[in-house]
Amino acid sequence: MENSTKLLQRQASALAARRVGVVEADDAALADLPAASLWLHADDFTVSADQWRPLPEVAEDTDLLILPLPKAADRMTLLLRHLAGVIRKPLPLWLVGPAKGGIRGGVTRLKGFADDIQLLDSARHCKLYEAQLRPGPPLSLAEQAAVIEVRGARVTSYPGVFSHGRLDEGSDLLLDALEAADVGGGKALDIGCGAGVLTVWLARAGCRVQALDPSATAVTAARATLADNGLSAEIQGGDLFDGITGRFDLLVTNPPFHDGRERTTQITRRLIRQAPEHLQADGELWLVANRELPYAQWLDDAFRQVTVVRETNRFRVYRARR
């Protein structure tokens with residue numbers, strides 16, 4: 001259980017008669033908050049929630065919204081603008097997050113959308129603020145889209161999607177490597193597809209593509225990217241290989257090394273360990289990562305041949321053959 005969830009659990013008496021909606025839930029334990037009624041929205045597929053979608057639907061009888069502090073500032077602004085646009089009268093909102101994890105900046109952003117902001121509680125290195133969210137103009141996700149051109153393709157992203165509104169340096173290097181190797185055709189899987197930068201390139205290269213990402217907003221963005229370029233691919237929500245069947249000729253990934261605000265290599269370690277099970281006998285994994293991360297040994301343990309095909313002073317592209 002996250003410390004911010006434990007802080008919310010301390011508010012049992014205040015929650016007992018409330019009809020609560022949790023927006024952008026980041027912890028499955030939030031489903032156990034002691035409220036009279038409760039619904040959970042999450043962008044993260046790995047959090048069990050009533051709504052897995054880019055933006056929440058707010059139940060009409062909701063009398064309290066709880067917002068765990070989002071990691072990305074632009075994501076928080078998007079959520080507040082959306083929530084303001086779907087309420088008809090001021091609505092209490094609680095903002096909770098780590099004291100050293102950006103909560104002060106979150107309160108500053110909250111001031112643009114809410115009144116009567118006050119500190120409600122503080123414990124476990126977290127702070128809980130209460131405010132009155134003001135109604136505002138309606139907002140559509142499409143209005144917040146950023147579109148960039150990547151190698152002749154239009155890529156659409158939304159606030160909160162990895163590398164929103166720009167081409168990530170690692171993905172750019174991976175594309176260079178794939179183009180130089182003339183990769184194309186066959187069945188490909190893009191793991192952690194984000195806005196679809198690699199997905200659309202693979203589809204244009206003639207691959208039959210599946211792609212997945214744990215973020216509902218990323219899945220929506222990737223689908224928009226494919227549609228804007230007149231291409232097709234199967235894009236779904238999932239955690240690494242969740243729901244993936246069959247074997248692939250090619251796996252490509254620019255994997256995360258953060259889980260929320262915490263730096264971790266365990267996601268990629270699990271990806272590398274499981275990848276051979278999803279590859280054809282002569283299949284390949286192409287992976288880009290910060291060069292200081294300890295992936296080379298893990299790749300050597302899982303694959304018969306591993307080469308570094310591109311590198312800069314920051315990134316490496318690995319090509320691993322099953």
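In this predicted model, helix α3 meets helix α4 through a small set of named residues: A73, M76, T77 and L80 on the α3 side, G106, R109 and L110 on the α4 side. By class, four of these contact residues are nonpolar, two are polar and one is charged. Helix α3 spans residues 73–86, and α4 covers residues 103–110. Their axes lie 10 Å apart and meet at an angle of about 35°. The crossing is right-handed.

Helix α3 also has a sheet to deal with. It lies across four strands: β2 (37–42), β4, β5 (91–98) and β7 (126–133). Against β4, helix α3 runs at about 170°.

Now the sheet itself. It is open and has seven strands, in the order β3-β2-β1-β4-β5-β7-β6. The pairing is mixed. Which strands stand at the edges? They are β3 (51–52) and β6 (114–123). Each has a single partner strand, so one side of each has no neighbour in the sheet.

Further in, take β1 and β4. Strand β1 holds residues 19–22, and β4 holds residues 64–68. The two pair in the parallel sense, over three bridges. V20 faces L64 of β4 across this pairing.

Move on to another helix pair. Helix α8 (residues 266–274) packs with helix α9 (residues 295–302). Two packed helices are described by the angle between their axes and the distance between the axes. For α8 and α9, the angle is about 20° and the axes are 9 Å apart. Angles under 35 degrees count as roughly parallel, and α8 and α9 are therefore roughly parallel to each other. Helix α8 passes α9 in a right-handed crossing. From α8, the contact uses T268, R269 and I272. From α9, it uses Y295, W298, L299 and A302. Five of these residues are nonpolar, one is polar and one is charged.

L299 leads to the last stop, because this α9 residue is also among the contacts of A320. A320 sits in strand β18, residues 315–321. Is A320 buried or exposed? The cut-off for buried is under 20% relative accessible area. A320 has 1% relative accessibility, so A320 counts as buried. Beyond its neighbours within four places in sequence, A320 touches G283, E284, L285, L299, F303, Q305 and V306. K111 gives a sense of the distance covered: A320 and K111 are 209 residues apart in sequence, and their C-alpha atoms are 49 Å apart in space.

Key: Residues are numbered from 1 along each chain as its sequence is written. This is a predicted model: local features need pLDDT of at least 70, side-chain atom pairs count only at pLDDT 80 or more; totals for chains, interfaces and linings use all residues. Side-chain values use heavy atoms; hydrogens and water are left out. Two strands pair if DSSP finds at least two bridges between them. Contact means heavy atoms within 4.5 Å. Axes are lines fitted to C-alpha atoms, for helices over the stretch in contact, and angles run from 0 to 180 degrees between N-to-C directions. Angles under 35 degrees count as roughly parallel, over 145 as roughly antiparallel, 65 to 115 as roughly perpendicular and the rest as oblique. A crossing is left-handed if the near helix is turned anticlockwise from the far one by less than a right angle, and right-handed if clockwise. Ala, Val, Leu, Ile, Met, Phe, Trp, Tyr, Cys and Pro count as nonpolar, Asp, Glu, Lys and Arg as charged, and the others, Gly among them, as polar. Buried means under 20% relative accessible area, exposed over 50%, partly exposed in between (1.4 Å probe, protein chains only).
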